[in-house]
Amino acid sequence: MVRTGEVVEREDGVVSVVFERPEACAHCNGCVNHQCTRVEMRADADVGDMIDVEMPEKTVVKASMIFYILPLGLMLLGMYVGSLFYGALGYTFNREMFAALFGLAFMALGFYAVYRVDRRLRKRQEWEPKVIRVHKKEK
């Protein structure tokens with residue numbers, strides 16, 4: 001997957017790149033000012049330059065699975081476990097509320113797991129996007 005973005009900031013060889021949202025996201029309106037993604041990476045580029053950044057498709061799919069499905073799956077598991085424990089623990093408040101609280105707790109564990117996995121994978125630099133071309137801004 002190759003995307004083109006504009007360098008908006010540069011400091012000590014690390015640039016911040018803003019990408020326009022893809023056409024597939026046109027109706028989402030989740031992005032502000034049509035700028036969806038801001039990434040920091042090492043590149044020999046100046047503010048205003050356009051750069052082509054590549055991230056392998058396999059990595060994008062794997063990242064999506066980890067960052068979206070893991071917390072959601074754990075939330076659903078937590079809701080199920082909460083509904084099972086409700087009767088065993090003998091609590092008197094609403095069963096759905098009890099299950100929802102377990103779901104939120106498990107989802108928090110999911111986000112913590114995502115944080116830990118992300119830190120470990122960043123060290124291996126498997127997730128790092130790679131700059132494949134710099135389009136210098138004409139002066």
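1. Tyr112 is partly exposed, with a relative accessible area of 47%, and Tyr115, at 43% relative accessibility, likewise counts as partly exposed. Both tyrosines lie in helix H2, 3 residues apart, which is about one turn of the helix. This is a predicted model, and the remarks below should be read with that in mind.

2. A second pair of aromatic residues in H2 is Phe102 and Phe106, which lie 4 residues apart, again about one turn of the helix. Residues three or four places apart in an α-helix point the same way, because such a helix has 3.6 residues a turn. The ring centres of Phe102 and Phe106 are 6.4 Å apart and their planes meet at 35°, so the pair is tilted. The rings of Tyr112 and Tyr115 also have their centres 6.4 Å apart and their planes at 35°, so that pair is tilted too. Phe102, at 21% relative accessibility, counts as partly exposed, because buried would require under 20%.

3. Across the whole structure the search finds 5 aromatic pairs. Ring pairs join Phe85, Tyr86, Phe98, Phe102 and Phe106 into a cluster, and of these residues Phe98 is listed among the buried residues of H2.

4. The geometry of H2 itself can be checked against a simple expectation: at 1.5 Å a residue, its 30 residues (95-124) should span 44 Å, and the C-alpha atoms at its ends are indeed 44 Å apart, which agrees. At the start of the helix, a side-chain oxygen of Asn94 comes to within 2.9 Å of the backbone nitrogen of Glu96.

5. Which residues of H2 are buried? They are Phe98, Ala99, Gly103, Gly110, Val114, Val117, Asp118 and Leu121, so a reader tracing the buried side of the helix should note that Asp118 is included. What covers these buried residues includes helix H1 (57-89).

6. Among the strands, S4 (residues 50-54) pairs in the antiparallel sense with S1 (residues 2-11) over 5 bridges, and Val2 stands opposite Glu54 in S4. S4 also pairs in the antiparallel sense with S5 (residues 130-135), over 5 bridges, where Met50 stands opposite His135 in S5.

7. On confidence, the mean pLDDT of the protein is 78, and 78% of its residues reach 70 or more. Confidence is highest in H2, at 88, and lowest in strand S3 (residues 35-42), at a mean of 61. Where pLDDT is low, the predicted coordinates should not be read in detail.

Notes:
Residues numbered from 1 in each chain as written. Predicted model: local features only at pLDDT ≥ 70, side-chain atom pairs only at ≥ 80, totals over all residues. Heavy atoms only, no water. Helix = DSSP H or I, 4+ residues; strand = E, 2+ residues; numbered from the N terminus. Expected span 1.5 Å × (residues − 1). Buried < 20%, exposed > 50% of the residue type's maximum accessible area, 1.4 Å probe, protein only. Contact = heavy atoms within 4.5 Å. Polar contact = N/O pair within 3.5 Å; in protein donor to acceptor, adjacent residues only side chain to side chain. Phe/Tyr/Trp six-rings, centres within 6.5 Å; stacked < 30°, edge-to-face > 60°. pLDDT = per-residue confidence, 0-100. Pairing = 2+ DSSP bridges.
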